[in-house]
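Let's take a walk through this one together. Have the fold open in your viewer, and we'll go from rings to strands to a helix.

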Amino acid sequence: MYRPIGALAVLALSTSALAQTAPQAAPAPAPVTAPNTVELNAKLAAPLPADQAAMKAHVLFLASDAMKGREAGSPEFDIAAQYVAAQFYAAGLRPGGDQGGYLQTVPLVSYKAASKGDFIWTGRGPAQPFVFGEDYVPAANGAKAETSVSAPVVFVGYGIDAPQYGQDDYKGVDVRGKIVAYFGGSPARFGGEERAFFGSGGTKAAIAQAKGAVGVITLESPRSAKVRTFGKMAEFYATPRMTWANPDGTGKVDAPGAPSLGTVSMVGAAKLFAGAKTPWSKVVKQANSDNAKFKAVPLVGMVTVATKTNFVPAASSNVVGIIPGNDPVVGKEVVVLSAHLDHIGITKPVKGDALNNGALDNAIGIASLIEEAKRFTASGQAPKRTIMFLAVTGEEKGLVGSDYFTNHPTVPLTSIVADVNLDMPILTYKFEDMVVFGAERSTIGPIVQKAVAAIGVGLSPDPMPEEGIFVRSDHFRFVQKGIPSVFLWPGQKGPGKAAVAYFMANNYHKPSDDLTQPILWDQGVRFVDANYRIAREIADGAQRPVWNSGDYFGTLYKGPMAGAAVGK
């Protein structure tokens with residue numbers, strides 16, 4: 001699953017969101033400490049019912065040390081993709097990828113800052129070069145090898161335009177042809193999912209581009225400085241990121257017309273604000289508030305920024321299998337069931353182990369996808385609508401594989417009616433409820449309610465709305481195309497809260513997310529059952545899903561279902 005927001009909100013959302021951030025650059029591989037072989041073999045010897053054994057078998061392979069953490073672009077990921085393709089074939093799925101096969105090639109590109117760049121501020125006095133690591137840190141531009149911008153600067157608070165929250169940080173200023181400077185994050189009063197969405201660097205840059213800005217600068221704040229010092233940010237300024245590649249070898253970014261030029265420290269910001277109507281001292285004091293409201297103000301002078309970016313091409317694959325719909329009317333409509341196959345590979349060692357196996361994140365999601373496919377074909381009842389089983393690459397790089405697929409779909413995008421996503425179900429306890437992110441946003445909600453009731457549990461509200469999980473996994477790339485989508489997790493009633501908290505604190509994105517965890521395979525079967533029921537109901541339903549009237553994401557994006565919300 002893509003990186004959490006939580007305590008890192010101010011920092012993570014100040015850079016590049018939904019965006020193309022890659023895991024931190026891996027050091028030279030360290031020796032990998034294998035699990036206790038005797039103990040593990042003893043566990044493997046314990047007999048399981050066939051459906052549980054099948055799930056475990058998939059995870060044993062995908063989360064094995066031999067897969068080296070399945071990082072997108074690695075040979076081991078390619079092996080994992082071939083495994084999934086073989087399982088799709090064995091389950092009776094038809095190929096849905098490129099050239100009659102199961103794989104859809106995803107061209108990738110890794111990019112990073114190639115130099116410390118130049119950042120020059122010219123106010124009322126002589127030109128003043130900013131100091132790298134003290135005043136500014138440059139940003140890589142995934143869309144261009146060389147970036148050069150010279151323009152006046154306008155401070156626009158959080159850089160958010162959200163009428164539903166009474167927030168227009170651009171009010172009273174014209175930023176056409178200018179650079180905008182803003183703080184990362186978003187006000188605490190925003191709803192959890194919208195807070196994450198508007199706090200993301202990608203969203204902010206897209207708003208700036210739509211307003212006519214030619215570049216964006218993120219300002220350090222007192223809050224972000226507590227999460228990560230500016231010196232630490234400078235230390236990692238050349239950390240590679242990844243996105244999918246355009247034909248010319250550059251990367252796809254959210255707002256190529258308003259590139260991120262870098263981050264300016266509070267020390268540098270004080271220089272930028274010299275002579276401004278609103279002094280920096282007042283702005284930085286306001287920035288300490290959870291719900292700060294800033295007044296947009298043009299700054300004095302010009303900023304000239306020049307940066308260089310290095311690109312390294314790579315490649316990976318999505319895996320696509322299909323069960324054709326048998327209905328003459330709706331058979332060409334497609335219900336997508338998605339899960340990400342990649343994990344974060346080799347990283348900094350933890351207790352001598354540097355290999356991140358990714359058992360729960362997300363080998364078990366892929367195992368669920370495969371087993372769900374087998375349920376459909378074993379049922380002997382073809383779905384009315386077509387079902388697509390989609391294992392994507394690059395989720396950990398910023399939802400890259402799903403973004404590529406929704407921009408290069410192997411079926412007409414207008415035919416896709418829903419996405420049900422499977423990402424990191426924590427199955428170390430007997431779950432007593434389920435959480436379905438996005439259920440309340442569309443007519444998928446009642447379908448979900450019926451499905452979870454059928455397996456004997458209830459539907460609970462999001463227990464961690466501050467994390468904005470709805471915008472942080474692969475289903476959101478479908479939402480961005482206007483397609484109703486949901487994402488399921490076991491809930492946190494009973495033992496769930498402690499189990500989820502333990503996993504997030506001790507195993508999430510760590511080498512300990514492996515087969516030594518107390519995974520309950522019978523709960524995996526229940527999880528598959530719930531997802532199967534949801535997908536079957538959508539596939540065989542009389543009506544395709546639509547957004548609920550007034551839902552923010554349902555009205556924001558112009559896609560196949562734009563304007564088709566309930567009540568419209």
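**Rings, strands and a helix**

At 21% relative accessibility, Tyr237 comes out as partly exposed, because buried would require a value under 20%. Keep in mind that everything here is read from a predicted model. Phe132 is in a similar spot: its relative accessible area is 21%, and it too is partly exposed.

Why look at these two residues together? Well, the aromatic pairs in this model number 34. Phe132 and Tyr237 make up one of them, an edge-to-face pair with 4.9 Å from centre to centre and 70° between the planes. The two rings come from distant parts of the chain, 105 residues apart. Phe132 belongs to the loop between strand S4 (127–129) and strand S5 (136–138), while Tyr237 belongs to the loop between helix H8 (230–235) and strand S11 (241–244).

Now swing over to Phe476 and Phe553. Their planes stand at 90° and their ring centres are 5.5 Å apart, so this pair is edge-to-face. Again distant parts of the chain are linked, here 77 residues apart: Phe476 sits in helix H14 (residues 475–479) and Phe553 in helix H17 (residues 552–556). Both Phe476 and Phe553 are buried.

Phe476 and Phe553 also have company. They belong to one aromatic cluster whose other members are Tyr165, Phe190, Phe197, Phe198, Phe470, Tyr552 and Tyr557. One of those members, Phe470, has a charge over its ring: the charged end of Arg441 sits there, 5.0 Å from the centre. Elsewhere, Lys271 lies over the face of Phe130, at 5.6 Å from the ring centre.

From rings to strands, then. Strand S13 (residues 297–323) is a good one to trace, so pick it out and follow its partners. Strand S1 (residues 94–95) runs antiparallel to S13 and is joined to it by two bridges, with Pro95 standing opposite Gly321. Strand S2 (residues 103–113) is also antiparallel to S13, this time over 11 bridges; you can find the register from Ser110, which stands opposite Val312. Next comes strand S3 (residues 118–122), antiparallel to S13 over five bridges, where Asp118 faces Ala306 as its opposite number.

Strand S6 (residues 146–155) is another antiparallel partner, joined to S13 by nine bridges. Here Val149 has Val305 as its bridge partner. Finally, five bridges connect S13 with strand S17 (residues 386–392), once more antiparallel, and Val320 stands opposite Leu390 in S17. While you're tracing these strands, remember that in a regular strand the side chains alternate between the two faces of the sheet.

Our last stop is helix H6 (residues 201–210). Seven of its 10 residues are buried, so H6 is largely enclosed by the rest of the structure. Which residues of H6 are the buried ones? They are Gly201, Gly202, Thr203, Lys204, Ala205, Ile207 and Ala208. As for what covers these buried residues, the list includes three strands and a helix: strand S7 (161–162), strand S9 (179–183), strand S10 (215–219) and helix H5 (192–199). Just after H6, have a look at the backbone of Gly212, which takes a positive phi of about 100°.

How values were computed
Residues are numbered from 1 along each chain as its sequence is written. This is a predicted model: local features need pLDDT of at least 70, side-chain atom pairs count only at pLDDT 80 or more; totals for chains, interfaces and linings use all residues. Side-chain values use heavy atoms; hydrogens and water are left out. Rings of Phe, Tyr and Trp (its six-membered ring) pair if their centres lie within 6.5 Å; planes under 30 degrees apart count as stacked, over 60 as edge-to-face and the rest as tilted. Helices (H or I, at least four residues) and strands (E, at least two) are DSSP runs, numbered from the N terminus. Buried means under 20% relative accessible area, exposed over 50%, partly exposed in between (1.4 Å probe, protein chains only). A charge sits over a ring if NZ of Lys or CZ of Arg is within 6 Å of the ring centre and within 35 degrees of the ring normal. Contact means heavy atoms within 4.5 Å. Two strands pair if DSSP finds at least two bridges between them.
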